[in-house]
Every structure is written in C-alpha cells, then in structure tokens.
Amino acid sequence: SSGINAEYGTTFNEHSFLTVHNLYYYTVLSEVYRISNLPEATRSTIIKFSARKPDLALLPKGKTQYLDSNFLFAAPKIWNFLTQTMYKTVGFTGLTRGSFSSFSKSCLLAKQLSGDPVVWNGSNYCFVD
C-alpha cells in the first residue's frame, strides 16, 4: 500500500485525530455498545450475544471473507477484540458510555501510533485481523 505521507501522519498523531479507518472502528464500537444496552428481545434481533459470556458478540453464519465490510459481520469481530482488551486492562462491567468511548478511542490511538510514524500502513490502523 502507498501509505500516508509524513506530514499527515504527524498531524494525525500530534492532535490525536483518528484516521478514517479508526473512525469507522470507533463508530462501530459505539453502535454495538448502544445495541448491547438494549433490552434482550430487541438486541437479539440485531446482534446476538453469548448466553455464557454476555459481552461476547456472536458472529453470524456465512462466508465472512465476503461479508467483512457488512456491519453485522464486522461489528462482532471488532467488539470482541476491544472487550477482550478491556477485560485485560480496566474491566468492562459497569462502564458508562463516556468511559467506554474514551477507552475505545485510547485503544485506537495506541494502535495508530504503533506503526511507522512516517509511512503509514496496515500496522497503523488494522485493529483486528
């Protein structure tokens, strides 16, 4: 991939701006958080969560290699990656929407800063595999 030139990468990082890729992840996470707080009857019609682990979103059946750009297939993968990170660092139960949003952005910015600061590539914004 061609990457992003140094001037833009520096601006994004200095001002804690999320890249368009990370804005997508942030939006997906915010929506799944909102969905996860809906009543069970409503929530299960949108995204299904595990009965044993209520914060684990279940991937729908299908050929995900073709459907990864679809919200219903991408959202559970992104959600599960972030919630596993949260359990390891700050815990997850009882987070307010503001705390969840702040933690989400911090995780995304940390990933964004982890790659090459001059020529950006997948390591700067690939949040999940």
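This briefing covers confidence, helices, salt bridges, aromatic pairs and the nonpolar core of the structure above. The model is predicted, with a mean pLDDT of 75 over the protein. Its largest nonpolar core has 20 residues, and helices α2, α5 and α6 each give two or more residues to this core. The structure also holds four aromatic pairs and two salt bridges.

**Confidence**

- The share of residues scoring at least 70 in pLDDT is 67%.
- Among the elements of the protein, α2 has the highest mean pLDDT, at 87, and helix α7 (residues 122-125) the lowest, at 57.
- Over residues 1-6, pLDDT stays under 50. The model nevertheless has eleven contacts for residues 1-6 beyond four places in sequence.
- Where pLDDT is low, the predicted coordinates should not be read in detail.

**Helix α2**

- Helix α2 covers residues 20-36. Its 17 residues should span 24 Å at 1.5 Å a residue, and the end C-alpha atoms are 24 Å apart, so the expected and modelled values agree.
- The buried residues of α2 are Asn 22, Tyr 25, Val 28, Leu 29, Ser 30, Val 32, Tyr 33, Ile 35 and Ser 36.
- Glu 31 and Arg 34 of α2 are partly exposed, with relative accessible areas of 29% for Glu 31 and 40% for Arg 34.

**Helix α6**

- Helix α6 runs over residues 97-114. For its 18 residues the expected span at 1.5 Å a residue is 26 Å, which agrees with the 26 Å between its end C-alpha atoms.
- Buried positions in α6 are Phe 100, Ser 101, Phe 103, Ser 104, Cys 107, Leu 108, Leu 109 and Gln 112.
- Ser 101 has a relative accessible area of 16% and counts as buried because this is under 20%.
- Leaving aside residues up to four places away in sequence, Ser 101 touches Tyr 26 and Ser 30. Ser 30 is itself among the buried residues of α2.

**Salt bridges**

- One of the two salt bridges joins Arg 34 to Glu 31, with 2.9 Å between the closest N and O atoms. The two residues are three apart in α2, so about one helical turn separates them.
- Glu 40 and Arg 43 also meet through their side chains in a salt bridge, at 2.3 Å from N to O. Both residues belong to helix α3 (residues 40-43), where a separation of three residues amounts to about one helical turn.
- The partners in α3 fall into separate accessibility classes: Glu 40 is partly exposed at 46%, whereas Arg 43 is buried at 15%.

**Aromatic pairs**

- Among the four aromatic pairs is the one between Phe 49 and Trp 79. Their ring centres are 6.4 Å apart and their planes stand at 85°, so this pair is edge-to-face.
- Phe 49 sits in the loop between α3 and α4 (64-67), and Trp 79 in helix α5 (residues 71-89), so the pair ties together parts of the chain that are 30 residues apart in sequence.
- Phe 49 is buried at 13% relative accessibility, and Trp 79 is buried at 0%.
- Trp 79 also pairs with Phe 100, in a tilted arrangement with 5.5 Å between centres and 35° between planes. This pair links α5 to α6 across 21 residues of sequence, and both of its members are buried.
- Tyr 33, Phe 49, Trp 79 and Phe 100 form one aromatic cluster. Tyr 33 is among the buried residues of α2.

**Nonpolar core**

- Within the 20-residue core, Val 32, Ile 47 and Trp 79 have the most contacts.
- Of the contributing elements, α2 gives the most to this core, with six residues.
- Two of these well-connected core residues also appear above: Val 32 is a buried residue of α2, and Trp 79 belongs to the aromatic cluster.

**Loop between α3 and α4**

- Gly 62 is placed in the loop between α3 and α4, and with 48% relative accessibility Gly 62 is partly exposed.
- The C-alpha atoms of Gly 62 and Phe 73 are 8.8 Å apart, while the residues are eleven places apart in sequence.

Key: Residues numbered from 1 in each chain as written. Predicted model: local features only at pLDDT ≥ 70, side-chain atom pairs only at ≥ 80, totals over all residues. Heavy atoms only, no water. Helix = DSSP H or I, 4+ residues; strand = E, 2+ residues; numbered from the N terminus. Buried < 20%, exposed > 50% of the residue type's maximum accessible area, 1.4 Å probe, protein only. Contact = heavy atoms within 4.5 Å. Salt bridge = Lys/Arg side-chain N within 4 Å of Asp/Glu carboxyl O. Expected span 1.5 Å × (residues − 1). Phe/Tyr/Trp six-rings, centres within 6.5 Å; stacked < 30°, edge-to-face > 60°. Core = buried A, V, L, I, M, F, W, Y, C linked by side-chain atoms within 4.5 Å. pLDDT = per-residue confidence, 0-100.
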